[in-house]
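Reader: I would like a close look at a single part of this model, with the cut-offs behind each term spelled out as you go. Please take your time over it.

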Amino acid sequence: MHSITASEARDEFADIINRVAFGRERVTIRRRGKELVAVIPIEDLRLLERLEEAAEDEIDLEEARKILADPTEERIPWEEVKRDLGLPPA
């Protein structure tokens, strides 16, 4: 991964975009020696978004399993939920 300063990024912005978009290079931008942001190909961003969504789904699934395994958890019938949401009955 290529790393540049913020002032270099400002001066080389068009080149950075081309290197990332067409060369699939990843570039981090630093200010005062600290990495602040990264410029990545759109495909990498889409992959990160899918991974994040999958991780959130896994967390939701784990939470649902815990609730279902708890015998003290109150069960609400699906028909009642639909009625409360204003959905038509099945």
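Reader: Across which strands does helix α2 lie, and at about what angle does it run to β2?

Author: Helix α2, residues 13-23, lies across β1, β2 and β3, and runs at about 145° to β2. Axes here are lines fitted to C-alpha atoms, for helices over the stretch in contact, and angles run from 0 to 180 degrees between N-to-C directions; contact means heavy atoms within 4.5 Å. Helices (H or I, at least four residues) and strands (E, at least two) are DSSP runs, numbered from the N terminus.

Two remarks on the basis of these values come first. This is a predicted model, in which local features need pLDDT of at least 70 and side-chain atom pairs count only at pLDDT 80 or more, while totals for chains, interfaces and linings use all residues. Residues are numbered from 1 along each chain as its sequence is written, and side-chain values use heavy atoms, with hydrogens and water left out.

The sheet under discussion is open, with three strands in the order β1-β2-β3 and mixed pairing. Its edge strands are β1 (2-5) and β3 (34-39), each of which pairs on one side only, and from one strand to the next the twist averages 30°. Two strands are said to pair if DSSP finds at least two bridges between them. By that criterion β1 and β2, the latter covering residues 27-31, pair in the parallel sense over four bridges, and V27 in β2 is the bridge partner of H2. On the other side, β2 and β3 pair in the antiparallel sense over five bridges, with R30 standing opposite E35 in β3. These two strands form a hairpin with two residues between them, and R32 in the turn has a positive phi of about 55°. Strand β3 also holds K34, which is exposed, with a relative accessible area of 58%; exposed means over 50% relative accessible area, buried under 20%, and partly exposed in between (1.4 Å probe, protein chains only).

The helix and the sheet also share in the largest nonpolar core, whose seven residues are I4, A6, A9, I16, V20, V27 and I29. Such a core is a set of buried Ala, Val, Leu, Ile, Met, Phe, Trp, Tyr and Cys residues joined through side-chain atoms within 4.5 Å. The elements giving two or more residues to this core are α1 (6-11), α2 and β2. One of the core residues, A6, is in contact with I29, R30 and R31 when its neighbours within four places in sequence are left aside.

As for the setting of this part, the protein has four helices and three strands, and from the N terminus on its elements run β-α-α-β-β-α-α. The radius of gyration is 23 Å, well over the 12 Å that the globule rule gives for 90 residues, so the protein is more spread out than a compact globule; the radius is taken over C-alpha atoms, and the rule is 2.2 Å times the number of residues to the power 0.38. Along its principal axes the C-alpha trace spans about 60 × 30 × 20 Å, and buried residues make up 13% of the 90 residues. One of the distances along the chain is that between the C-alpha atoms of K34 and E56, which are 22 residues apart in sequence and separated by 29 Å.
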